[in-house]
Structure formats: C-alpha cells, structure tokens
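Biologist: I have a new model open on my screen, and I would like to learn how to read it. Could you walk me through it?

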Amino acid sequence: MEILQIVAFALIATILVVLLKEHRPVLAMQLSIVVGVVIFLRLIRYLSLVLEFLTGMTMQANISLVYLNILLKIVGIAYIAEFGAQICRDAGEGATAGKVEFAGKLFILVMALPLISAVLETILKFIP
Amino acid sequence: MSGFNVDVIFRIAGIGIFISVLNIVLKQAGKEEQAQMLTLGGVVIVLLIVIQLINELFSSIKTIFNLF
C-alpha cells in the first residue's frame with residue numbers, strides 16, 4: 001500500500017511547510033517544491049508501467065508509434081507546465097503562473113500540429 | 001531511494017528551524033547584518049538541494065515522455 005506512505009509523507013510535509021511559512025516563506029516554498037518532486041519520483045515506476053501497457057496496445061492495434069509519441073510528449077509538457085504553474089501560484093505569483101500555462105498551451109499546440117493536419121487531410125479525402 | 005525521500009524533507013525543515021532560531025539570537029545580540037547573511041546562506045544551501053532534485057525530475061520526465 002504505497003498510497004499510505006505517500007499520504008503520510010504529504011501530511012508530514014504539510015505540517016513542516018506550515019511551521020516554516022510563518023518565519024521563512026522562501027524555505028517553505030522550496031520545501032513544497034521538494035515535496036512535489038519526491039512524490040512524482042515515487043510514482044515514476046507505476047507511470048512507466050502504464051506507458052509500457054499503452055505502447056503494447058498500440059503495437060497490437062498496428063497504429064504507428066509516432067502518434068503515441070506525440071501524445072506522450074503532450075502529456076509530459078502538460079504535467080511539467082502544470083507543476084511549475086502550481087508552484088508559482090502557491091507562492092502568490094499568479095501572473096507568472098499564467099504565463100507558464102500559456103507557454104505550455106502553445107507548445108502543446110505546436111506538438112499537435114501534425115495530428116491536426118493529418119485529421120484535416122483525412123476529412124478532405126472523404127469530401128469529394 | 002525511499003530513505004533519501006523522507007530525509008530530504010526533514011533536512012530542509014531542520015535547516016529552516018535552525019536558521020530561525022539563530023536569527024532570533026543574532027537579532028537579540030544586535031547583529032542585524034549577520035542575521036541577514038545567515039538567511040541568505042540558508043536559502044542558497046536549500047536551493048542547492050532543490051536544484052539537484054529538480055534536475056532529477058526533469059531528466060526522468062524527459063526519458064519517460066520521450067521529450068527531445
């Protein structure tokens with residue numbers, strides 16, 4: 001039951017962050033960054049399990065791996081942008097968080113351009 | 001790996017509490033400049049730990065999601 005470990009870890013970390021926030025807000029913010037990173041590093045094993053499963057299903061369905069790779073890249077960009085934006089927003093920098101989210105959306109759009117053009121070409125083939 | 005995880009949290013919180021206490025002592029002794037420097041030093045030390053972890057996070061995300 002790794003979820004129990006993670007919840008206990010998050011509770012202890014929350015207590016420590018609240019303890020530090022009063023006198024040392026900078027250290028409290030850095031501590032919350034570390035908490036996010038450590039929890040993600042614990043989850044990586046399970047994440048790669050799911051991704052291997054998805055890759056296997058894609059191979060079985062005879063779909064090109066290029067599309068799965070694009071999807072994975074989009075998920076990665078979304079996760080990392082969300083992570084940065086949440087940290088910025090926690091520290092009271094809503095404006096910076098908004099810019100980070102905007103950059104994430106733009107990069108996702110750039111990644112999705114080949115998919116969009118493929119879909120449009122397929123639709124145009126059906127229209128005589 | 002799992003030992004390192006909880007360790008790093010307590011290390012950062014310990015640095016924070018230690019700096020708070022030393023800060024109060026230095027302020028009582030009338031050494032405002034040293035207190036300021038101590039705060040700055042603590043932030044830099046914690047920043048070194050945080051940067052290492054963020055580097056680890058970014059490289060693992062790059063390998064998992066096939067970025068670049």
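Biologist: Let me start with chain A. Which domains does the domain assignment give for chain A?

Modeller: First, keep in mind that this is a predicted model. The assignment splits chain A into domain 1 (1-46) and domain 2 (64-128). The C-alpha centres of domain 1 of chain A and domain 2 of chain A are 27 Å apart. Their contact takes four residues from domain 1 of chain A and four residues from domain 2 of chain A. On the domain 1 side, those residues are two nonpolar, two polar and no charged.

Biologist: What is the secondary structure of chain A, in helices and strands?

Modeller: A good habit is to count the elements and then read their order. Chain A has four helices and zero strands, so to read it from the N terminus you simply follow α-α-α-α. Its radius of gyration is 20 Å, well over the 14 Å that the globule rule gives for 128 residues, so chain A is more spread out than a compact globule. The C-alpha atoms of chain A fill a box of roughly 70 × 40 × 15 Å along the principal axes, and buried residues make up 19% of the chain's 128 residues.

Biologist: Now the partner chain. How many residues does the contact take from chain A and from chain B?

Modeller: For an interface, ask how many residues take part, which elements supply them and what kind they are. Here 30 residues come from chain A and 24 residues from chain B. On the side of chain A that touches chain B, helix 1, helix 2 and helix 3 (65-90) of chain A give two or more residues. Helix 2 of chain A gives the most to that side, with 16 residues. By class, that side of chain A has 22 nonpolar, five polar and three charged residues.

Biologist: And in the largest nonpolar core, which residues touch the most other members?

Modeller: With a core, look for its best-connected members and then for the elements behind them. Of the 20 residues in this core, A:L20, A:L31, A:V34 and B:I12 touch the most other members. Helix 1 (2-21) and helix 2 (25-60) of chain A, with helix 1 (2-28) and helix 2 (32-64) of chain B, each supply at least two residues. Helix 2 of chain A gives the most, with nine residues.

Biologist: Leaving aside neighbours within four places in sequence, what is A:L31 in contact with?

Modeller: Try clicking on that residue. With those neighbours set aside, A:L31 is in contact with A:A13, A:L16, A:V17 and A:L20, and with B:I9, B:I12 and B:A13. A second, separate core of six residues includes A:I77, A:A81, A:A85 and A:A97.

Methods
Residues are numbered from 1 along each chain as its sequence is written. Chains are lettered from A and ligands numbered from 1 in the order in which they are written. This is a predicted model: local features need pLDDT of at least 70, side-chain atom pairs count only at pLDDT 80 or more; totals for chains, interfaces and linings use all residues. A nonpolar core is a set of buried Ala, Val, Leu, Ile, Met, Phe, Trp, Tyr and Cys residues joined through C-beta atoms within 7 Å. A residue is buried if 20 or more other C-beta atoms lie within 10 Å of its own, exposed if 12 or fewer, and partly exposed in between; C-beta atoms are placed from the backbone. Two residues are in contact if their C-beta atoms, placed from the backbone, lie within 7 Å. Ala, Val, Leu, Ile, Met, Phe, Trp, Tyr, Cys and Pro count as nonpolar, Asp, Glu, Lys and Arg as charged, and the others, Gly among them, as polar. The radius of gyration is taken over C-alpha atoms; the globule rule is 2.2 Å times the number of residues to the power 0.38. Domain bounds come from an automatic or database domain assignment.
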